[in-house]
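Ready for a few exercises on charged side chains? Take a look at what follows, then work through each task at your own pace.

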Amino acid sequence: MVDAASTLLRMLSDPTRMRILWTLSVRESDVTELTEQVGGARPAVSQHLAKLKLAGLVQSRKSGRRSLYSVRGVHVRTLLIEVFSAADHQIAGLPDHE
């Protein structure tokens, strides 16, 4: 369990992968759309997608000649929401409520 959680957090430690995951949590996209959304070069986005897919965080399906990617399960989106919320609280200097 700890190894799986560590792998997940390593995948989230890269800003580009976080942007990709956030974009895919809203709607499925192909590599071209993701490159436009998150910036960077297409080969780099493809490499990030391969890592995220290998880690089990994204899935793909064929639509004609395109591969469409999406997050795999609601847990990924929930985790991203929590991480962004925690970052927002930290930046704004807001206290956490217990």
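## Exercise 1: a pair with Arg66

Task: find the salt bridge between Arg66 and Glu33 and say which parts of the chain are linked.

Solution. Start with the pair: the side chains of Arg66 and Glu33 form a salt bridge at 3.9 Å, N to O (a side-chain nitrogen of Lys or Arg within 4 Å of a carboxyl oxygen of Asp or Glu). Next, place the partners: Arg66 sits in strand β2 and Glu33 in helix α3, 33 residues apart. Helices (H or I, at least four residues) and strands (E, at least two) are DSSP runs, numbered from the N terminus.

This is a predicted model: local features need pLDDT of at least 70, side-chain atom pairs count only at pLDDT 80 or more, and totals for chains, interfaces and linings use all residues. Residues are numbered from 1 along each chain as its sequence is written, and side-chain values use heavy atoms, with hydrogens and water left out.

## Exercise 2: widen the network

Task: which residues are linked with Arg66 in a network of salt bridges?

Solution. Asp30 and Glu33 join Arg66 in that network. Now check the Asp30 link: Arg66 and Asp30 meet at 2.9 Å, N to O. Arg66 lies in strand β2 (residues 66-71) and Asp30 in the loop between α2 and α3, so this pair ties together parts 36 residues apart in sequence.

## Exercise 3: buried or exposed?

Task: sort Asp30 and Arg66 by accessibility.

Solution. Asp30, at 9% relative accessible area, is buried (under 20%; exposed is over 50%, partly exposed in between, with a 1.4 Å probe and protein chains only). Arg66, at 38%, is partly exposed.
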